[in-house]
Amino acid sequence: MEENKVENINFDGKEYAVANLQPEHIALFNLLLRVTREIEDAAYNLQKLQGSQAHYAAVVRDKLEEDGIKPQETVDE
C-alpha cells in the first residue's frame, strides 16, 4: 500500500518543506489542522441545528394557529 507523503506545507501563503521542519513544528501544524477541522465540524453542526430550530419553530407556529391558540394581550400601563 502506497503511503501519501506531504512534501510541502502552505502556511500564510508561504511554502515550507516538511524536510526542513522540526518535530515540534510538525506537531503544531497537525494541531492547527485538527482545530481547523473541528471548527468546520462545529460550523456544520450549528447550521444543522439552526435548520432544525427554524423547522420546529414553524411547526409550533402552525400548530398554535391550527388549534386557535391566541397570544395573551398585553396591557400597557
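**Entry 1: K48**

I started with K48, which is partly exposed at a relative accessible area of 45%. That value falls in the partly exposed class because it is neither under 20%, the limit for buried, nor over 50%, the limit for exposed. I found K48 in helix α1. I then checked K48 against I26, which is 22 residues away along the chain. Their C-alpha atoms are separated by 33 Å. I note here that this is a predicted model.

**Entry 2: confidence**

Since the coordinates are predicted, I looked up the pLDDT next. The chain averages 94. Of the residues, 96% score at least 70. Which element has the lowest mean pLDDT, and which the highest? Among the elements of the chain, β1 is the lowest with a mean of 95, and α1 is the highest with 98. I keep one general caution in mind: where pLDDT is low, predicted coordinates should not be read in detail.

**Entry 3: layout of the chain**

I counted one helix and two strands. From the N terminus on, the order is β-β-α. The radius of gyration is 26 Å, while the globule rule gives 11 Å for 77 residues, so the chain is more spread out than a compact globule. The C-alpha trace spans about 70 × 40 × 20 Å along its principal axes. The helix, α1, runs over 23-66. The strands are β1 at 8-11 and β2 at 14-17.

**Entry 4: surface**

How much of the chain is buried? I read 4% of the 77 residues as buried. The accessible surface comes to about 7,800 Å². Carbon and sulfur atoms account for 53% of that surface.

**Entry 5: more stops on α1**

I went back to the helix for three further residues.

Q47 sits in α1. Q47 is exposed, because its relative accessible area of 57% is over the 50% cut-off. I paired Q47 with V6, 41 residues away along the chain, and read 32 Å between their C-alpha atoms.

L32 also belongs to α1. L32 counts as partly exposed, with 41% relative accessibility. L32 and R61 are 29 residues apart in sequence. From C-alpha to C-alpha, I read 43 Å between L32 and R61.

E66 is in α1 too. Buried or exposed? E66 is exposed, at a relative accessible area of 60%. I looked from E66 to R37, 29 residues away along the chain. Their C-alpha atoms are separated by 43 Å.

**Entry 6: the largest pocket**

I turned to the largest pocket, with a volume of about 250 Å³. Which residues line this pocket? I listed V6, I9, N10, F11, V18, I26, F29, N30, L32 and L33. Three of these names were already in my notes: I26 from the K48 pair, V6 from the Q47 pair, and L32 from the R61 pair.

Next I sorted the lining by element. Both β1 and α1 supply at least two residues each. Which element gives the most? The answer is α1, with five residues.

Then I sorted the lining by class. Eight residues are nonpolar and two are polar. I found no charged residue in this lining.

**Entry 7: D12**

My last stop was D12, in the loop between β1 and β2. I checked the backbone of D12 and found phi near 55°. This is a positive value in a residue other than glycine. D12 counts as exposed because its 64% relative accessibility is over the 50% cut-off.

**Entry 8: recap**

I close with the main points. The chain of one helix and two strands has a radius of gyration of 26 Å, well over the globule-rule figure of 11 Å. Buried residues make up 4% of the 77. The largest pocket draws most on α1 for its lining, and that lining has eight nonpolar residues.

How values were computed:
Residues are numbered from 1 along each chain as its sequence is written. This is a predicted model: local features need pLDDT of at least 70, side-chain atom pairs count only at pLDDT 80 or more; totals for chains, interfaces and linings use all residues. Side-chain values use heavy atoms; hydrogens and water are left out. On a 1 Å grid over the protein atoms alone, a cavity is a set of points where a 1.4 Å probe fits but cannot get out, and a pocket is an open set with protein on both sides within 12 Å along at least five of seven lines; lining residues have an atom within 4 Å of a point. Grid points are joined across faces, edges and corners, and a volume is the space filled by probe spheres set on the points. Helices (H or I, at least four residues) and strands (E, at least two) are DSSP runs, numbered from the N terminus. Ala, Val, Leu, Ile, Met, Phe, Trp, Tyr, Cys and Pro count as nonpolar, Asp, Glu, Lys and Arg as charged, and the others, Gly among them, as polar. Buried means under 20% relative accessible area, exposed over 50%, partly exposed in between (1.4 Å probe, protein chains only). pLDDT is the predictor's confidence in each residue, from 0 to 100. The radius of gyration is taken over C-alpha atoms; the globule rule is 2.2 Å times the number of residues to the power 0.38. Accessible areas come from the Shrake-Rupley method with a 1.4 Å probe; for residues, only the protein chains shown count as cover.
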